[in-house]
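Reader: I'd like to go through this fold with you, beginning with the empty space inside. Please put the model up and tell me how a hole gets defined.

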Amino acid sequence: MAPSSSQSGGLTRLLMIVGILIGVFTPIVYLLERNLESFYIFRLDELQDVAQRGIQAHGNDTAKIVEYIVAELHEKHPSHVNPKWNVDEEWMFNNAGGAMGGMYLIHASITEYLIIFGTAVGTEGHTGRHTADDYFHILTGEEWAYVPGQFQPEVYPPGTVHHLKRGDVKQYRMPEACFALEYARGWIPPMLFFGFADGVFSTLDVQTLYRTVAITGREMISNLLIGKI
């Protein structure tokens, strides 16, 4: 049976709306993409420097390293850094790509996030393929990474940085206890789907999902309200 004129007319209007939206948002996204650097408040050398100095000052004492890093970043960026690293309610589990660990959110905005991520018992999983560059500053322990076609792991000890380029993907493992300062810069909202997928379709841990959404939303909105994209 041939479709009615009302059905074809509705499809035409829908396609027209989609076309208009694409036409409007494509140049906006293009301009924002070209100016992403102007939205960043954290410098790569700044984060690597504070992480390395924290390690030098406190060795394998992860709590002291985290305290050192957060205190300095909060002093430099008081409006953009969550300083409550020692409040239990600010820590939450993170399940993503099959890996599981603890997470504390230092900063979250549309173009950047900065967290402490790690585990005391080891974990392994898929990095995800993201719309942002990811810099994994190892504080204690070791991270291993693998790319298909290679026959030896990439090994990242304390003080090193594992840079996962935007659009790339790897298998990674923390063979034992390992904690890192993780920084992502680029488009953060699309990454949240990967971060929530295991909770929605695998663990069904509603309480952790709620806390993750609440804290991430709190930080993103508070940054938006002061003009940080």
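Author: A cavity is a set of points on a 1 Å grid over the protein atoms alone where a 1.4 Å probe fits but cannot get out; points are joined across faces, edges and corners, and the volume is the space filled by probe spheres set on them. You're looking at a predicted model, in which local features need pLDDT of at least 70, side-chain atom pairs count only at pLDDT 80 or more, and totals for chains, interfaces and linings use all residues. Residues are numbered from 1 along each chain as its sequence is written, and side-chain values use heavy atoms, leaving out hydrogens and water.

Reader: OK, what's the volume of the largest cavity?

Author: There are 3 cavities of 30 Å³ or more in the structure. The second largest has a volume of about 80 Å³. For the largest, the volume is about 540 Å³.

Reader: Which element gives the largest share of that cavity's lining?

Author: A lining residue has an atom within 4 Å of a cavity point, and 28 residues line this one, with Asn94, Tyr113, Ile115, Glu182 and Phe194 closest to its centre. Two or more residues each come from E1, E2 (99-108), E3, E5, E8, H4 and H5 (206-225), where helices (H or I, at least four residues) and strands (E, at least two) are DSSP runs numbered from the N terminus. The largest share, 5 residues, comes from H4.

Reader: And how many of those lining residues are nonpolar?

Author: Ala, Val, Leu, Ile, Met, Phe, Trp, Tyr, Cys and Pro count as nonpolar, Asp, Glu, Lys and Arg as charged, and the others, Gly among them, as polar. On that scheme the largest cavity's lining has 8 polar and 3 charged residues, and the nonpolar ones number 17.

Reader: How many polar residues line the second largest cavity?

Author: Its lining includes Phe93, Asn94, Gly195, Thr208 and Thr212. H4 gives the most, with 4 residues, and E1 and H5 also give two or more. The lining has 3 nonpolar residues and no charged ones, and the polar count is 7.

Reader: Now the sheets. Which strands stand at the edges of the six-stranded one?

Author: The 6 strands form an open antiparallel sheet, ordered E1-E2-E3-E10-E5-E8, and two strands pair if DSSP finds at least two bridges between them. Two of the strands have a single partner each, so one side of each is left without a neighbour in the sheet: E1 (91-96) and E8 (161-164).

Reader: Which residue in E2 is the bridge partner of Trp91?

Author: E1 and E2 run antiparallel and are joined by 6 bridges. They form a hairpin with 2 residues between them, and Gly97 in the turn has a positive phi of about 65°. The partner of Trp91 is Tyr104.

Reader: At the other edge, what stands opposite His137?

Author: E5 (residues 132-140) and E8 run antiparallel, with 4 bridges between them. Opposite His137, in E8, is Val161.

Reader: At what angle does H4 run to E1?

Author: Axes are lines fitted to C-alpha atoms, for helices over the stretch in contact, with angles from 0 to 180 degrees between N-to-C directions; contact means heavy atoms within 4.5 Å. H2 (residues 44-58) lies across E3, E5, E8 and E10, at about 15° to E5. H4 (residues 191-203) lies across E1, E3, E5 and E10, and its angle to E1 is about 85°.

Reader: There's another sheet. Which residue in E9 stands opposite Ala145?

Author: That open sheet has 4 antiparallel strands in the order E4-E9-E6-E7. E6 (residues 143-146) and E9 (residues 171-174) pair over 3 bridges. Opposite Ala145 is Tyr172.

Reader: Last one: is the Phe117 and Phe136 pair stacked, edge-to-face or tilted?

Author: Rings of Phe, Tyr and Trp (its six-membered ring) pair if their centres lie within 6.5 Å; planes under 30 degrees apart are stacked, over 60 edge-to-face and the rest tilted. The structure holds 4 such aromatic pairs. In this one, Phe117 in E3 and Phe136 in E5 are 19 residues apart in the chain. Their ring centres are 6.4 Å apart with planes at 50°, so the pair is tilted.

Technical notes
1 Å grid on protein atoms, 1.4 Å probe; cavity = no way out; pocket = protein on both sides within 12 Å on 5 of 7 lines; lining within 4 Å.
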